[in-house]
Amino acid sequence: MPDAVLRGRAFKFGDNISTDHIIPGKYANLRSDLPELAKHVMEDADPTFVDKVKPGDFIVAGKNFGLGSSREHAALVIKMAGVSAILAKSVARIFFRNAINQGLPVLICDTDKIGAGDEIEVNLSESSIIDLTKNTKLTFGKIPKVMVDILNEGGLIPYISKHGDFEL
Amino acid sequence: MGKTLSEKILGDKSGTDARAGDIVIAPVDLAFVQDTTGPLTVRQFKEVKHGILANPQRTAIFLDHAIPSPNRQLSNDHQLLRRFAEETGCQIFEGGSGICHQLVAEKFANPGDIIVGADSHTVTAGGLGAFATGMGSSDIAVVFALGKTWFRVPETFKISINGKFQKWVGAKDLVLHLIGVLGADGATYKALEFDGNAVANMTLPQRLTVANMAVEAGAKVGIFPSDNITRRYLAAQGRGSKYQALQPDADAEYERAIALDASELEPMVAMPHAVNNVNPVKMLAGTKIDQVFIGTCTNGRLEDLAAAAAILKGKKRNPMVRLIVAPASQQVLSKAMRIGYIQIFVNAGAVILPPGCAACLGVHQGVLGDNEVCLSTANRNFKGRMGNPEASIYLASPATAAASALTGEITDPREVA
């Protein structure tokens, strides 16, 4: 289960960050070498991201984050970079499932209220986001129960390994 | 209250009432991966405790994204997938058989089926009346093991298309226009359901083109009712007995209704770097291009090649433009050879690639150089998509692509045909 309280800095991105921004198809040859693949995370959106991001930090994006390919590697390399959660105004469907299946929380909120570099604290059990830099509080949208359960087990594979089946 | 196509299929399969917003668990008729999502799926599957393949005959691997393999790592990924098929008895389609979505249409998809694939364009099979949607590797690994998965029953947008297409205007122009209307996230989590007399007259391959791009508006599925056109296609593919009539109820509830007049449409182009950045070809006429790519799961079918061949017949590509053609499957390639389309392309100066995804995703076979411009019949033009973030991609129909290959600039097919 992800920690109930997450803390880190906000890395801001705009609308429609596609899976090709997150991890381009041209690196298909690295998909069986995840540490090598992860060096290219967000490369076509911000080539400096990989060097700046620290464990616990947040990706804070606009609308329709993760549109495009079904490649779960997109969620995987973001998690491998140490990102503790993705905050976005909205998220593409396949990416949403993939992130939750990797145990990476995706929280839907009004990200315009968060500034680049702001210190953020997310409390998953209280459904709150606090911008410590601005001293403001945001709430995030409800996640379907099946996804909360998967998230609580750390992802879909551990969930199914433990329960043997889906439990609605 | 009546039901939409999605509510009907998910209800039938899950044995529940299945209304929009419900979460259901439903058995899956086909689960598949391709060579760039398959290796992770196989590894995830092996991590599922007690995981054995639920239905080897309903599990398929398609080698299509990087074939023949351009490098050692991808060759090793292909080996891993071949070994998995040997160990489990699942179906495998070797490189050159075709693009997964085309092969799913040719060999598997039937009206009323639930199909999931580790590829976002799995929605293509909606053209045959299947509830078909893309998922990631973990989800597909679990379907491999359990034969089922969970779905949120989507709300539906009804897209009614009436009227007759003008000559040289077709399914691709329609769906580009529709995505322009909806926006890149206008249908996120929703089902698009098509109807109207233009849909009833649309060939099955044209329906596959429209369904294929539903995901570019964020949709979960793009689904067509089944009819005699569906029946004839299935019969021609040796699956006539799999036909079932599938129509939404007259009193089904739709979240939104959009009506389009096919007769008003003209050739359309999506401009860099977003699929919903759509304009009529005439607004972009004269834009210089370096490469034309005709193929993909969107537009690599026989009638797409027919449209391109009709324009290219007896002519040569502009010497400043590279022309690449990749048929969507072996079946398409064989027919295109017999009819003579391939010879027309060769005479026009085209490079013919094996059936597969080819240049579409930037792995090989047509990676763009810095500041180069490609006009492609594919479904995505995101920055970096064709292997270079410094390049630009325009999306259009096979007819527009062929016309532009002749002139070296974006050209309305009606001007050269």
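**A tour from the chain interface to a helix pair**

Begin by selecting both chains of this predicted model, where 40 residues of chain A are in contact with 48 residues of chain B. On the chain A side, colour helix H1 (19-22), helix H5 (93-101) and helix H7 (156-163), each of which supplies at least two residues of the side that touches chain B. The largest share of that side, five residues, comes from H5(A). If you then colour by residue class, the side of chain A that touches chain B divides into 13 nonpolar, 16 polar and eleven charged residues.

Next, hide chain A and colour chain B by its domains, which are domain 1 (23-151), domain 2 (154-265) and domain 3 (269-416). Keep domain 1 and domain 3 of chain B in view: their C-alpha centres lie 27 Å apart, and 16 residues of domain 1 are in contact with 15 residues of domain 3. The side of domain 1 of chain B that touches domain 3 of chain B is made up of five nonpolar, nine polar and two charged residues.

Finally, select helix H2 (residues 38-47) and helix H3 (residues 72-88) of chain B, whose axes come within 9 Å and cross at roughly 50°. That angle makes H2(B) oblique to H3(B), and H2(B) passes H3(B) in a left-handed crossing. Show side chains for B:Gly38, B:Pro39 and B:Val42 in H2(B), which meet B:Asp77, B:Leu80, B:Leu81 and B:Phe84 in H3(B). By class, this contact of H2(B) with H3(B) has five nonpolar residues, one polar residue and one charged residue.

How values were computed: Residues numbered from 1 in each chain as written. Chains lettered and ligands numbered in written order. Predicted model: local features only at pLDDT ≥ 70, side-chain atom pairs only at ≥ 80, totals over all residues. Domains from an automatic or database assignment. Contact = placed C-beta atoms within 7 Å. Nonpolar A, V, L, I, M, F, W, Y, C, P; charged D, E, K, R; others polar. Helix = DSSP H or I, 4+ residues; strand = E, 2+ residues; numbered from the N terminus. Axes fitted to C-alpha atoms, helices over the stretch in contact; angles between N-to-C directions. Parallel < 35°, antiparallel > 145°, perpendicular 65-115°, else oblique. Left-handed = near helix turned anticlockwise from the far one by under 90°.
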